[in-house]
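Me: I'd enjoy a close look at a single helix in this model. Please start with its dimensions and its surroundings, and then follow the thread outward as far as it goes.

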Amino acid sequence: MEILIINSGSSSLKYQLIDSREGVSKVKGLVDRIGIDGSTIKYVALKNGKETEIKKQLPIRNHEEAMKQVTDLLTDTEVGVISNPDDIKAVGHRVVHGGEKFVQPTLINEEVKKQIEKLIPLSPLHNPACLEGIRSAEKIFKKANHVAVFDTAFHQTMPSKAFRYAIPNEYYKDYGVRAYGFHGTSHKYVDAQARKYLNENIKNITIHLGNGSSMAAVNENGSCMDTTMGLTPLDGLVMGTRCGNIDAGVIFYLADRLNLTSDEIGTILNKKSGMLGLTGSSDARDVSDKYFAGDANAILCYEMYAYRIKKFIGAYAAILNGLDSITFTAGLGENDDLIRLLACQEMDFLGIEIDENKNKELNHPKGVVEIQRDKSRVKILIIPTNEELQIANEVVELIG
(Lines give C-alpha, C1' and ligand atoms only; values in the text may rest on other atoms or scores of the structure.)
Protein backbone atom coordinates (compact mmCIF):
# COMPACT_ATOMS: atom_id res chain seq x y z
CA MET A 1 0.00 0.00 0.00
CA GLU A 2 1.26 3.48 -0.89
CA ILE A 3 1.27 5.73 2.18
CA LEU A 4 2.08 9.42 1.95
CA ILE A 5 3.58 10.86 5.13
CA ILE A 6 3.15 14.59 5.73
CA ASN A 7 5.06 16.62 8.31
CA SER A 8 3.75 20.16 8.02
CA GLY A 9 5.58 23.09 9.61
CA SER A 10 4.67 26.76 9.72
CA SER A 11 6.62 27.49 6.52
CA SER A 12 7.59 24.00 5.36
CA LEU A 13 6.13 20.72 4.15
CA LYS A 14 8.24 17.60 4.60
CA TYR A 15 6.89 14.55 2.77
CA GLN A 16 7.70 10.92 2.09
CA LEU A 17 5.95 8.21 0.07
CA ILE A 18 6.41 4.79 1.64
CA ASP A 19 5.57 1.37 0.25
CA SER A 20 4.23 -0.29 3.39
CA ARG A 21 4.72 -3.81 1.99
CA GLU A 22 8.44 -3.28 1.46
CA GLY A 23 8.95 -0.76 4.26
CA VAL A 24 10.95 1.42 1.87
CA SER A 25 10.73 5.03 0.84
CA LYS A 26 9.94 5.61 -2.84
CA VAL A 27 9.92 9.40 -2.61
CA LYS A 28 11.10 11.94 -0.07
CA GLY A 29 11.36 15.68 -0.17
CA LEU A 30 10.77 19.09 1.31
CA VAL A 31 8.92 22.25 0.34
CA ASP A 32 10.63 25.11 2.19
CA ARG A 33 9.97 28.81 2.79
CA ILE A 34 6.24 28.53 2.09
CA GLY A 35 4.77 32.03 1.95
CA ILE A 36 8.27 33.55 2.06
CA ASP A 37 10.49 34.86 -0.74
CA GLY A 38 12.75 32.15 -2.15
CA SER A 39 10.36 29.20 -1.80
CA THR A 40 11.95 25.91 -2.87
CA ILE A 41 10.88 22.33 -3.47
CA LYS A 42 13.13 19.29 -3.27
CA TYR A 43 11.97 15.96 -4.65
CA VAL A 44 13.98 12.71 -4.55
CA ALA A 45 12.43 9.61 -6.14
CA LEU A 46 13.56 6.00 -6.43
CA LYS A 47 12.18 4.60 -9.68
CA ASN A 48 13.29 1.48 -11.59
CA GLY A 49 16.33 1.21 -9.35
CA LYS A 50 17.51 4.73 -10.18
CA GLU A 51 17.40 7.79 -7.96
CA THR A 52 16.21 11.07 -9.43
CA GLU A 53 16.56 14.40 -7.64
CA ILE A 54 14.78 17.59 -8.61
CA LYS A 55 15.16 21.03 -7.03
CA LYS A 56 13.00 23.98 -8.01
CA GLN A 57 12.66 27.54 -6.81
CA LEU A 58 9.27 29.11 -7.41
CA PRO A 59 6.70 31.20 -5.53
CA ILE A 60 4.61 29.04 -3.16
CA ARG A 61 2.07 31.12 -1.26
CA ASN A 62 0.54 28.52 1.06
CA HIS A 63 0.41 24.83 2.01
CA GLU A 64 -2.29 24.10 -0.56
CA GLU A 65 0.00 25.27 -3.37
CA ALA A 66 2.85 23.28 -1.82
CA MET A 67 0.75 20.12 -1.79
CA LYS A 68 -0.26 20.73 -5.42
CA GLN A 69 3.42 21.00 -6.44
CA VAL A 70 4.23 17.75 -4.61
CA THR A 71 1.30 15.98 -6.29
CA ASP A 72 2.36 17.20 -9.73
CA LEU A 73 5.79 15.65 -9.20
CA LEU A 74 4.40 12.41 -7.77
CA THR A 75 2.23 11.96 -10.88
CA ASP A 76 4.71 13.32 -13.45
CA THR A 77 5.12 10.97 -16.44
CA GLU A 78 8.92 11.03 -16.20
CA VAL A 79 9.82 11.31 -12.52
CA GLY A 80 6.52 10.37 -10.86
CA VAL A 81 5.83 7.07 -9.09
CA ILE A 82 2.00 7.05 -9.15
CA SER A 83 -0.48 7.60 -11.96
CA ASN A 84 -2.96 9.81 -10.08
CA PRO A 85 -3.76 10.97 -6.52
CA ASP A 86 -6.28 8.15 -6.03
CA ASP A 87 -3.36 5.68 -5.95
CA ILE A 88 -2.61 6.96 -2.46
CA LYS A 89 -4.68 4.85 -0.08
CA ALA A 90 -3.60 6.52 3.16
CA VAL A 91 -2.00 9.77 4.29
CA GLY A 92 -0.26 9.83 7.65
CA HIS A 93 -0.02 13.26 9.27
CA ARG A 94 2.45 14.10 12.02
CA VAL A 95 0.59 16.21 14.57
CA VAL A 96 2.74 17.70 17.30
CA HIS A 97 0.27 18.04 20.18
CA GLY A 98 -2.51 15.61 20.99
CA GLY A 99 -3.04 16.62 24.61
CA GLU A 100 -4.52 13.91 26.84
CA LYS A 101 -7.25 13.02 24.37
CA PHE A 102 -5.16 11.45 21.60
CA VAL A 103 -3.02 8.54 22.76
CA GLN A 104 -3.22 6.42 19.59
CA PRO A 105 -3.14 6.99 15.81
CA THR A 106 -6.55 8.40 14.89
CA LEU A 107 -8.62 8.54 11.70
CA ILE A 108 -9.16 12.19 10.91
CA ASN A 109 -12.71 13.55 10.68
CA GLU A 110 -14.24 16.94 11.38
CA GLU A 111 -14.41 16.29 15.12
CA VAL A 112 -10.72 15.32 15.26
CA LYS A 113 -9.79 18.51 13.42
CA LYS A 114 -11.83 20.53 15.93
CA GLN A 115 -9.98 18.86 18.80
CA ILE A 116 -6.58 19.56 17.21
CA GLU A 117 -7.68 23.17 16.83
CA LYS A 118 -8.68 23.32 20.51
CA LEU A 119 -5.14 22.26 21.41
CA ILE A 120 -3.57 25.24 19.60
CA PRO A 121 -3.04 27.17 22.90
CA LEU A 122 -0.78 24.30 24.02
CA SER A 123 1.12 24.30 20.71
CA PRO A 124 0.63 27.67 19.02
CA LEU A 125 3.59 27.25 16.65
CA HIS A 126 2.94 23.71 15.48
CA ASN A 127 -0.73 22.65 15.56
CA PRO A 128 -1.97 25.39 13.18
CA ALA A 129 0.57 24.20 10.59
CA CYS A 130 -0.50 20.59 11.13
CA LEU A 131 -4.10 21.57 10.41
CA GLU A 132 -3.01 23.42 7.26
CA GLY A 133 -1.30 20.27 6.02
CA ILE A 134 -4.33 18.10 6.80
CA ARG A 135 -6.81 20.38 5.04
CA SER A 136 -4.57 20.77 1.99
CA ALA A 137 -4.02 17.02 1.66
CA GLU A 138 -7.73 16.24 2.07
CA LYS A 139 -8.55 18.42 -0.97
CA ILE A 140 -6.18 16.45 -3.22
CA PHE A 141 -6.18 12.90 -1.83
CA LYS A 142 -9.93 12.60 -1.55
CA LYS A 143 -10.13 8.79 -1.54
CA ALA A 144 -7.38 8.23 1.02
CA ASN A 145 -7.78 7.52 4.71
CA HIS A 146 -6.18 10.41 6.57
CA VAL A 147 -4.59 9.43 9.88
CA ALA A 148 -3.14 11.67 12.59
CA VAL A 149 -0.13 10.37 14.52
CA PHE A 150 0.63 12.48 17.58
CA ASP A 151 4.10 13.34 18.89
CA THR A 152 2.77 13.42 22.45
CA ALA A 153 1.06 10.01 22.32
CA PHE A 154 4.03 7.82 23.31
CA HIS A 155 4.47 9.75 26.54
CA GLN A 156 0.87 9.35 27.71
CA THR A 157 1.85 6.23 29.72
CA MET A 158 3.67 8.48 32.19
CA PRO A 159 2.26 8.25 35.72
CA SER A 160 0.71 11.32 37.36
CA LYS A 161 3.72 11.74 39.64
CA ALA A 162 5.86 12.26 36.54
CA PHE A 163 3.65 14.54 34.44
CA ARG A 164 2.00 16.75 37.08
CA TYR A 165 3.43 20.07 38.26
CA ALA A 166 3.21 21.08 41.93
CA ILE A 167 0.89 24.03 41.26
CA PRO A 168 -2.78 24.46 42.25
CA ASN A 169 -4.93 21.61 40.93
CA GLU A 170 -7.27 23.84 38.97
CA TYR A 171 -4.54 24.78 36.51
CA TYR A 172 -4.28 21.15 35.51
CA LYS A 173 -8.02 20.42 35.57
CA ASP A 174 -9.17 23.60 33.82
CA TYR A 175 -6.23 24.43 31.54
CA GLY A 176 -4.35 21.17 31.02
CA VAL A 177 -1.09 22.45 32.53
CA ARG A 178 1.11 19.34 32.82
CA ALA A 179 4.08 17.74 31.11
CA TYR A 180 3.20 16.15 27.76
CA GLY A 181 6.58 15.49 26.13
CA PHE A 182 7.44 15.54 22.44
CA HIS A 183 9.51 13.62 19.84
CA GLY A 184 7.36 10.65 20.85
CA THR A 185 7.32 9.11 17.37
CA SER A 186 11.12 9.07 17.29
CA HIS A 187 11.47 7.73 20.85
CA LYS A 188 8.95 4.98 20.13
CA TYR A 189 10.70 3.96 16.89
CA VAL A 190 14.25 3.71 18.25
CA ASP A 191 13.13 2.02 21.47
CA ALA A 192 11.34 -0.65 19.44
CA GLN A 193 14.45 -1.09 17.28
CA ALA A 194 16.62 -1.47 20.39
CA ARG A 195 14.32 -4.16 21.80
CA LYS A 196 14.29 -5.99 18.50
CA TYR A 197 18.08 -5.80 18.22
CA LEU A 198 18.78 -6.92 21.80
CA ASN A 199 15.94 -9.47 21.69
CA GLU A 200 14.84 -8.82 25.26
CA ASN A 201 12.69 -6.66 27.51
CA ILE A 202 15.02 -3.83 28.41
CA LYS A 203 15.17 -0.78 30.65
CA ASN A 204 16.15 1.74 28.03
CA ILE A 205 16.87 5.48 27.92
CA THR A 206 16.30 7.00 24.48
CA ILE A 207 18.26 10.18 23.71
CA HIS A 208 17.00 12.21 20.73
CA LEU A 209 19.57 14.94 20.03
CA GLY A 210 18.92 17.44 17.25
CA ASN A 211 18.15 21.14 17.06
CA GLY A 212 15.39 20.13 19.46
CA SER A 213 16.46 17.49 21.97
CA SER A 214 14.76 15.24 24.50
CA MET A 215 15.16 12.02 26.46
CA ALA A 216 12.74 9.34 27.59
CA ALA A 217 12.85 6.63 30.25
CA VAL A 218 11.25 3.44 28.88
CA ASN A 219 10.52 0.44 31.10
CA GLU A 220 10.72 -3.29 30.36
CA ASN A 221 7.25 -3.25 28.79
CA GLY A 222 8.11 -0.47 26.33
CA SER A 223 6.09 2.15 28.24
CA CYS A 224 7.40 5.67 28.69
CA MET A 225 7.77 6.51 32.38
CA ASP A 226 9.21 10.02 32.04
CA THR A 227 10.52 12.46 29.46
CA THR A 228 12.50 15.70 29.55
CA MET A 229 10.18 18.04 27.63
CA GLY A 230 7.14 19.35 29.46
CA LEU A 231 4.07 21.43 28.67
CA THR A 232 6.06 22.78 25.71
CA PRO A 233 9.24 21.66 23.92
CA LEU A 234 11.22 24.29 25.88
CA ASP A 235 11.99 22.15 28.93
CA GLY A 236 14.79 19.65 29.52
CA LEU A 237 18.06 19.51 27.60
CA VAL A 238 20.17 22.32 26.17
CA MET A 239 19.14 22.64 22.49
CA GLY A 240 20.02 24.59 19.35
CA THR A 241 18.13 27.76 20.36
CA ARG A 242 16.17 26.63 23.46
CA CYS A 243 17.51 26.94 26.99
CA GLY A 244 16.06 23.73 28.44
CA ASN A 245 15.66 23.49 32.24
CA ILE A 246 15.63 26.92 33.86
CA ASP A 247 14.49 28.34 37.19
CA ALA A 248 11.06 29.90 36.57
CA GLY A 249 12.23 32.81 38.71
CA VAL A 250 14.55 33.84 35.86
CA ILE A 251 11.46 34.85 33.88
CA PHE A 252 10.24 37.20 36.61
CA TYR A 253 13.74 38.57 37.11
CA LEU A 254 14.11 39.39 33.41
CA ALA A 255 10.64 40.90 33.28
CA ASP A 256 11.28 43.14 36.29
CA ARG A 257 14.86 44.19 35.55
CA LEU A 258 14.58 44.65 31.78
CA ASN A 259 10.86 45.48 31.53
CA LEU A 260 10.31 42.67 29.04
CA THR A 261 6.93 41.28 27.98
CA SER A 262 6.12 37.56 28.15
CA ASP A 263 6.42 37.38 24.34
CA GLU A 264 9.88 38.94 24.45
CA ILE A 265 11.03 36.54 27.16
CA GLY A 266 9.55 33.64 25.20
CA THR A 267 11.58 34.70 22.17
CA ILE A 268 14.76 34.83 24.25
CA LEU A 269 14.27 31.38 25.81
CA ASN A 270 12.99 29.66 22.66
CA LYS A 271 14.92 31.32 19.86
CA LYS A 272 18.00 33.06 21.28
CA SER A 273 19.26 30.64 23.91
CA GLY A 274 20.81 27.16 23.94
CA MET A 275 23.84 26.71 21.70
CA LEU A 276 23.07 29.98 19.93
CA GLY A 277 23.02 32.00 23.13
CA LEU A 278 26.20 30.41 24.48
CA THR A 279 28.32 30.41 21.31
CA GLY A 280 26.69 32.59 18.64
CA SER A 281 25.68 29.58 16.49
CA SER A 282 22.88 27.03 16.76
CA ASP A 283 24.65 24.65 14.35
CA ALA A 284 26.50 21.96 16.33
CA ARG A 285 29.03 21.60 13.50
CA ASP A 286 30.09 25.21 13.97
CA VAL A 287 30.21 24.78 17.73
CA SER A 288 32.26 21.58 17.39
CA ASP A 289 34.81 23.37 15.19
CA LYS A 290 35.08 26.10 17.81
CA TYR A 291 35.44 23.50 20.56
CA PHE A 292 38.44 21.86 18.94
CA ALA A 293 39.90 25.31 18.21
CA GLY A 294 39.87 25.95 21.95
CA ASP A 295 37.02 28.49 22.07
CA ALA A 296 36.02 28.84 25.74
CA ASN A 297 32.32 29.43 25.02
CA ALA A 298 32.10 26.36 22.77
CA ILE A 299 33.85 24.20 25.36
CA LEU A 300 31.45 25.40 28.05
CA CYS A 301 28.49 24.80 25.71
CA TYR A 302 29.44 21.17 25.07
CA GLU A 303 30.15 20.62 28.76
CA MET A 304 26.74 22.02 29.72
CA TYR A 305 25.02 19.98 26.98
CA ALA A 306 26.63 16.74 28.16
CA TYR A 307 26.19 17.56 31.84
CA ARG A 308 22.44 17.92 31.39
CA ILE A 309 22.25 14.57 29.54
CA LYS A 310 24.23 12.86 32.32
CA LYS A 311 21.91 14.28 34.99
CA PHE A 312 18.88 12.80 33.25
CA ILE A 313 20.58 9.45 32.67
CA GLY A 314 21.18 9.21 36.41
CA ALA A 315 17.63 10.30 37.24
CA TYR A 316 16.07 7.92 34.74
CA ALA A 317 18.19 4.96 35.88
CA ALA A 318 16.75 5.61 39.35
CA ILE A 319 13.19 5.84 37.99
CA LEU A 320 13.58 2.56 36.06
CA ASN A 321 15.35 0.87 39.01
CA GLY A 322 18.17 -0.20 36.73
CA LEU A 323 19.45 0.28 33.22
CA ASP A 324 20.18 -2.07 30.33
CA SER A 325 20.80 0.33 27.45
CA ILE A 326 21.00 3.93 26.32
CA THR A 327 20.10 4.76 22.73
CA PHE A 328 21.38 7.82 20.84
CA THR A 329 19.46 9.04 17.81
CA ALA A 330 18.67 12.04 15.54
CA GLY A 331 21.12 14.49 13.95
CA LEU A 332 23.57 14.95 16.81
CA GLY A 333 22.89 11.62 18.47
CA GLU A 334 23.76 9.74 15.29
CA ASN A 335 26.59 11.94 13.99
CA ASP A 336 28.29 13.85 16.81
CA ASP A 337 30.83 11.56 18.48
CA LEU A 338 31.98 14.40 20.78
CA ILE A 339 28.64 14.82 22.54
CA ARG A 340 28.24 11.03 22.90
CA LEU A 341 31.71 10.78 24.42
CA LEU A 342 31.21 13.63 26.88
CA ALA A 343 27.77 12.30 27.90
CA CYS A 344 29.12 8.81 28.63
CA GLN A 345 32.43 9.66 30.29
CA GLU A 346 32.83 8.99 34.02
CA MET A 347 29.60 6.99 34.12
CA ASP A 348 31.19 3.62 34.96
CA PHE A 349 29.44 3.55 38.36
CA LEU A 350 26.24 3.01 36.35
CA GLY A 351 27.91 0.41 34.15
CA ILE A 352 28.22 2.82 31.20
CA GLU A 353 31.66 2.54 29.57
CA ILE A 354 32.07 3.94 26.07
CA ASP A 355 34.66 2.68 23.58
CA GLU A 356 36.26 5.86 22.21
CA ASN A 357 37.47 4.23 18.98
CA LYS A 358 34.11 2.66 18.13
CA ASN A 359 32.40 5.93 19.01
CA LYS A 360 34.55 7.86 16.52
CA GLU A 361 34.34 5.28 13.75
CA LEU A 362 30.60 4.66 13.81
CA ASN A 363 29.09 8.05 12.96
CA HIS A 364 26.36 8.08 10.28
CA PRO A 365 25.24 4.48 10.94
CA LYS A 366 22.89 2.75 8.50
CA GLY A 367 21.50 0.47 11.20
CA VAL A 368 21.92 -0.34 14.89
CA VAL A 369 25.53 -0.14 16.16
CA GLU A 370 27.09 -0.65 19.60
CA ILE A 371 29.78 1.70 20.91
CA GLN A 372 30.35 0.41 24.45
CA ARG A 373 33.45 -1.38 25.74
CA ASP A 374 33.25 -5.16 26.02
CA LYS A 375 33.09 -4.96 29.83
CA SER A 376 30.33 -2.30 29.88
CA ARG A 377 27.23 -3.58 31.70
CA VAL A 378 25.02 -1.12 29.80
CA LYS A 379 24.72 -1.28 26.03
CA ILE A 380 25.37 2.04 24.28
CA LEU A 381 23.53 2.04 20.96
CA ILE A 382 23.28 4.42 18.02
CA ILE A 383 20.06 3.88 16.06
CA PRO A 384 19.06 6.09 13.10
CA THR A 385 15.57 7.40 13.68
CA ASN A 386 12.86 7.11 11.03
CA GLU A 387 9.78 8.95 12.15
CA GLU A 388 8.15 8.68 8.72
CA LEU A 389 8.43 4.89 8.72
CA GLN A 390 7.07 4.75 12.26
CA ILE A 391 4.08 6.86 11.20
CA ALA A 392 3.53 4.57 8.18
CA ASN A 393 3.64 1.50 10.44
CA GLU A 394 1.08 3.02 12.79
CA VAL A 395 -1.19 3.93 9.87
CA VAL A 396 -1.06 0.33 8.63
CA GLU A 397 -1.84 -0.99 12.13
CA LEU A 398 -4.87 1.28 12.31
CA ILE A 399 -6.45 0.81 8.89
CA GLY A 400 -5.15 -2.67 8.00
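Reply:
**One helix and what lies around it**

Helix α1, residues 63-74, has 12 residues and reaches 16 Å from its first C-alpha to its last, close to the 16 Å expected at 1.5 Å a residue (1.5 Å times one less than the residue count; helices, H or I, have at least four residues and strands, E, at least two, as DSSP runs numbered from the N terminus). The model is predicted, so local features need pLDDT of at least 70 and side-chain atom pairs 80 or more, while totals for chains, interfaces and linings use all residues. Numbering starts from 1 along each chain as its sequence is written, and side-chain values use heavy atoms, without hydrogens and water.

At the start of α1, a side-chain oxygen of N62 comes to within 3.2 Å of the backbone nitrogen of E64. Further along, the buried residues of α1 are H63, A66, M67, Q69, V70, T71, L73 and L74 (buried is under 20% relative accessible area, exposed over 50%, partly exposed in between, with a 1.4 Å probe and protein chains only). What do they pack against? Their partners are strands β1 (2-8), β2 (12-19), β3 (24-32), β4 (40-47) and β5 (50-57), together with helix α3 (127-140). L74 also belongs to a nonpolar core: a second, separate one of 26 residues, which includes Y15, L17, L74 and A137 (buried Ala, Val, Leu, Ile, Met, Phe, Trp, Tyr and Cys joined through side-chain atoms within 4.5 Å).

From α1, strand β1 leads on to N7, which sits in that strand. N7 touches S12, L13, K14 and R94, leaving aside residues up to four places away in sequence (contact is heavy atoms within 4.5 Å). The side chains of N7 and R94 are joined by a polar contact of 3.2 Å (N or O atoms within 3.5 Å, one able to donate a hydrogen and the other to accept it; sequence neighbours count only if both atoms are side-chain atoms).

R94 lies in strand β6, residues 90-95, and is buried at 18% relative accessible area. With the same sequence neighbours left out, R94 touches I6, N7, C130, V149, D151, E387 and I391. E387 is in helix α15, residues 387-399, and is likewise buried, at 17%; it touches R94, T185 and S186 beyond four places in sequence.

The unreviewed UniProt entry marks N7 and E387 as "binding site", an annotation that may be inferred rather than shown by experiment. They span 381 residues in sequence, yet their C-alpha atoms are no more than 9.8 Å apart, so they gather at one spot.

On the larger scale, the chain is divided into domain 1 (2-150) and domain 2 (199-387), with C-alpha centres 29 Å apart; these bounds come from an automatic or database assignment. The largest nonpolar core has 41 residues, and I309, I313, I326 and I352 have the most contacts inside it. Elements giving two or more residues to this core include β9 (204-209), α11 (296-320) and β12 (325-329), and α11 gives the most, with 11 residues. Among the residues that I326 touches are I205, I313, I352 and L381.

For contrast with α1, look at helix α7, residues 249-258: it is hardly covered, with 1 buried residue among its 10. Just after α7, N259 takes a positive phi of about 55 degrees.
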